[in-house]
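This report goes through one structure, from a single residue to the contact between chains. The sequence and coordinates come before the text.

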Amino acid sequence: MTDRNALRLSGTLLLIGLVVYEALQFPHPGSPTPTDQAQFAAYAMSSSWAAIHLGEFLGVAITTAGLLVLFFALNLSQGIPRWLGFFAAISAGVAGALAAVVYAVDGVALKQAVDAWASAPAAEQATRFASAEAIRWLETGTRSYQEFTSGLALVLFATTIVWAARIARPIGYLMGLSGLLLVVMSWVAGTQGLGASARGVLFEIVILSSAVWTIWLLVVAWRMKEPVEGVARAINDRIVSTNPY
Amino acid sequence: MSIASRNPTSGARTDPRADGTLLRASVTLLVVGWVLLFVTNEVLHPGGGATFEATFANYAASRDWAAVHLGEFAGKGLYFGGLLVLLFALAVREGPARLSTFFGAISAGVTLVLAGILDAVDGVALKQAVDAWASAPAAQKATSYASVLTVRWLEWGTNSYQNFMWGLTLLLVATTIVITARITRPIGYLMGLSGLVWLVLGWLVGTRGFTSANNLPQYAIFGLTTAWIIWLLVSAVLRKEPPVRAAPASN
């Protein structure tokens with residue numbers, strides 16, 4: 001039986017994580033010109049780069065926590081769904097660790113490199129730009145693999161949800177769609193770079209589909225009735241707490 | 001379970017004390033890890049210079065750089081191993097502390113992964129870069145130096161996020177200690193305080209790099225960590241094991 005309280009906690013964490021991450025896309029600096037020079041110049045102008053990226057990492061960490069709690073909430077005791085859920089949780093943990101690496105590279109190293117490039121004398125501009133690009137490629141690589149493991153985690157969780165049918169299956173279908181799109185995004189990043197226009201469209205669909213299944217999950221969790229065993233325990237607790245002896 | 005047999009105050013504990021054997025194992029790992037970290041970081045690690053160039057020249061002159069950083073990583077491994085064993089020693093199976101225990105263990109694992117990446121960047125890549133720069137002909141110095149700086153910025157980034165996760169781990173373990181009170185709560189308060197200082201250090205490294213502004217939080221971390229580890233050691237040594245109860249005759 002699904003653990004109602006854990007499911008509520010999972011849904012709440014997933015929604016907070018998504019909102020934090022999405023909200024920080026608005027102040028994230030960027031240039032409409034899709035060249036590294038234009039992007040780096042915009043990044044170098046930012047005075048809140050470190051805070052924005054730390055906040056983004058926080059959003060990803062909260063989402064990871066929500067997925068890990070989801071594994072416990074589904075309360076799978078045996079069979080293939082338990083193994084699927086277990087590997088989904090492992091994938092989510094690996095994706096969380098990779099996210100820390102992504103933000104270490106993007107949130108700190110890239111900012112130092114673009115600042116050094118923007119303030120370098122003309123004779124050193126080419127060398128500094130090469131350094132910034134090297135870090136950008138590292139970011140591309142780590143982000144690609146972070147998105148792949150995130151996508152894998154979502155696909156595995158989705159399969160678990162659909163297979164076990166402990167919560168509404170359409171949540172699993174939408175979660176699986178988000179996961180597959182993340183895998184495609186990771187492939188585009190790994191082969192065409194972070195600036196590929198296809199990534200922008202895919203990102204918007206991932207955010208939209210994630211918002212739908214996250215809110216749906218939260219609604220299901222909050223409308224779920226307390227199991228009979230839980231009611232009995234609550235009554236017992238109340239009797240004990242009011243018993244003077 | 002009948003109503004009468006249920007504990008009305010807390011569902012989180014079946015034994016009000018931590019597991020003694022695991023507690024001693026945890027303290028041993030923490031003490032050895034922390035001493036190893038101190039020796040490798042403060043005694044064996046080559047000192048910095050007044051400028052980046054002077055610092056990198058010191059690093060290039062070091063012969064035991066790889067060993068020092070491997071020792072540093074081993075120290076972190078023992079330290080986080082000690083924290084994980086401490087979470088097992090607290091043996092939380094129910095209640096809100098179960099969440100802080102679970103996420104504390106996950107966070108410790110992620111921190112150790114970041115520590116591995118940090119020591120890979122610092123202990124191997126940076127050394128290769130400073131050696132290449134130090135031995136480069138004059139015409140290639142500027143290019144080699146740019147490579148060194150690139151690796152150094154990557155080190156700042158991984159160091160910064162390692163510190164954030166280190167702080168988060170300590171806050172979660174401290175929360176478990178304070179909620180369960182299976183070991184004395186002030187150890188948890190000191191640990192939590194040191195976790196907060198790790199977060200401050202993570203921010204400073206991420207925004208300013210390795211500067212003198214980091215000295216004060218580093219001293220605070222050293223003092224607070226030494227204090228809670230010694231307190232934990234003393235409480236584990238002075239702890240009296242409960243007498244073994246004779247089994248009822250009817251059993």
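B:Leu29 counts as buried because it has 20 C-beta neighbours inside 10 Å, and 20 or more is the cut-off for that class. The residue is part of helix α1 (residues 20-44) of chain B. Leaving aside residues up to four places away in sequence, B:Leu29 touches B:Leu78, B:Gly81, B:Gly82 and B:Val85. One of these, B:Gly81, is 52 residues away along the chain, yet its C-alpha atom is separated from that of B:Leu29 by 6.7 Å.

These positions come from a predicted model, and the confidence scores belong beside them. The model has an ipTM of 0.86 and a pTM of 0.88. For chain B the average pLDDT is 89, and 90% of the residues score at least 70. Confidence in chain B is lowest in helix α2 (residues 52-61), where the mean is 94, and highest in α6(B), at 97. Outside that comparison, residues 1-14 of chain B have a pLDDT under 50 throughout. The model has 17 contacts beyond four places in sequence for residues 1-14 of chain B. Where pLDDT is low, the predicted coordinates should not be read in detail.

Which helices of chain B supply at least two residues each of the side that touches chain A? They are α4 (96-134), α5 (141-180) and α6 (185-208) of chain B. Across the whole contact, 24 residues of chain B meet 27 residues of chain A. The largest share of the chain B side, 13 residues, is from α5(B).

Within chain A, two helices pack against each other. Two packed helices are described by the angle between their axes and the distance between the axes. For helix α5 (residues 125-164) and helix α6 (residues 169-192) of chain A, the angle is about 160 degrees and the axes are 7 Å apart. Angles over 145 degrees count as roughly antiparallel, and α5(A) and α6(A) are therefore roughly antiparallel to each other. Their crossing is left-handed.

The residue classes of the two contacts are set out below.

| Contact | Nonpolar | Polar | Charged |
|---|---|---|---|
| Side of chain B that touches chain A | 16 residues | 7 residues | 1 residue |
| α5(A) with α6(A) | 17 residues | 10 residues | 3 residues |

How values were computed. Residues numbered from 1 in each chain as written. Chains lettered and ligands numbered in written order. Predicted model: local features only at pLDDT ≥ 70, side-chain atom pairs only at ≥ 80, totals over all residues. Contact = placed C-beta atoms within 7 Å. Helix = DSSP H or I, 4+ residues; strand = E, 2+ residues; numbered from the N terminus. Nonpolar A, V, L, I, M, F, W, Y, C, P; charged D, E, K, R; others polar. Axes fitted to C-alpha atoms, helices over the stretch in contact; angles between N-to-C directions. Parallel < 35°, antiparallel > 145°, perpendicular 65-115°, else oblique. Left-handed = near helix turned anticlockwise from the far one by under 90°. pLDDT = per-residue confidence, 0-100. Buried ≥ 20, exposed ≤ 12 C-beta atoms within 10 Å, placed from the backbone.
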